[in-house]
Amino acid sequence: MKSRHILLASAIALALSACGNSSTPAETTAPAADTAAPAETTATPAETAPTEAAPAAAASTKPAVVENCATNIEANDAMQYNADSITVPASCTQFTINLKHAGTLAANVMGHNVVVSKEADMAGIAADGAADPATHVKAGDTRAIAHTKIIGGGESTSMTFDVAKIKDGGPFKFFCSFPGHLALMQGSIQVQ
């Protein structure tokens, strides 16, 4: 019976590690430790549970570098941005986000974009935009404050928007609206 629990825990850890989410050190080390455990290990699922759980809302660990009212964000084939927060200086009237896809996969397979919206609107924007392969944002969707087109490996794009649109009424987020990417590819954006 213990072997089944260990195998189940290892399979779950392996599946989670395949998602490519490495937002905290605990998440990156726990799956590797669990998958390396031999089948005859006597650890129980209760003993491994604390290392597998991570807080749902962690503080920013990868803030974007902002210079001259702009930032450069990279996305990769593991469905990750290289930043999880953007702080826009209050002195900026316009702000530019430059997106580079550092991976190699094509846009129709592992495309990425950046969308800025209220946090409450993210899921609706992503769901409604699923049918538009060029942007994955429905044409005329006013919930999207700004967005880029979808790009593939090696490509770049950018967008510029009025900072006044994210000063009040938030919280605001940036995210990828490519189908299935929203769960891993998002971060906060605020004005300070």
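Which residue in S6 does Ser117 stand opposite? In the predicted model examined here, Ser117 stands opposite Ala144 of S6. The two strands concerned, S5 (residues 115-118) and S6, run antiparallel and are joined by three bridges.

This pairing belongs to a wider arrangement, an open sheet formed by five strands in the order S3-S9-S8-S5-S6, in which the pairing is mixed. Strands of a sheet pair through backbone hydrogen bonds, and the pairing may be either parallel or antiparallel. The edges of the sheet are occupied by S3 and by strand S6 (144-147), each of which pairs on one side only. When direction is ignored, neighbouring strands of this sheet are turned against each other by 25 degrees on average. Helix H5, which spans residues 122-129, lies across S5, S6, S8 and strand S9 (186-191), and the helix runs at about 130 degrees to S5.

Aromatic contacts were considered next, and the structure holds two aromatic pairs. In the pair made by Tyr81 and Phe174, the ring centres are 5.4 Å apart and the planes meet at 50 degrees, so the pair is classed as tilted, given that planes under 30 degrees apart would count as stacked and those over 60 as edge-to-face. The pair links distant parts of the chain, with Tyr81 placed in the loop between S2 and S3 and Phe174 in strand S8 (residues 172-175), 93 residues apart. Tyr81 and Phe174 are both buried.

A search of the whole structure for disulfides finds one, in which Cys69 is joined to Cys92 with an S to S distance of 2.0 Å. The disulfide is left-handed, because the torsion about the S-S bond of Cys69 and Cys92 is about -90 degrees. This pair, too, links distant parts of the chain: Cys69 lies in the loop between strand S1 (66-67) and strand S2 (70-75), whereas Cys92, 23 residues apart from Cys69, lies in the loop between strand S3 (85-88) and strand S4 (94-101).

The two partners of the disulfide fall into separate accessibility classes, for which the limit of burial is set at under 20% relative accessible area. Cys69, with a relative accessible area of 25%, is therefore partly exposed, while Cys92 has a relative accessibility of 3% and so counts as buried. A further cysteine, Cys176, is likewise buried, because its relative accessible area is 0%.

Conventions:
Residues are numbered from 1 along each chain as its sequence is written. This is a predicted model: local features need pLDDT of at least 70, side-chain atom pairs count only at pLDDT 80 or more; totals for chains, interfaces and linings use all residues. Side-chain values use heavy atoms; hydrogens and water are left out. A disulfide is a pair of cysteine sulfur atoms within 2.5 Å. Helices (H or I, at least four residues) and strands (E, at least two) are DSSP runs, numbered from the N terminus. Buried means under 20% relative accessible area, exposed over 50%, partly exposed in between (1.4 Å probe, protein chains only). Rings of Phe, Tyr and Trp (its six-membered ring) pair if their centres lie within 6.5 Å; planes under 30 degrees apart count as stacked, over 60 as edge-to-face and the rest as tilted. Two strands pair if DSSP finds at least two bridges between them. Axes are lines fitted to C-alpha atoms, for helices over the stretch in contact, and angles run from 0 to 180 degrees between N-to-C directions. Contact means heavy atoms within 4.5 Å.
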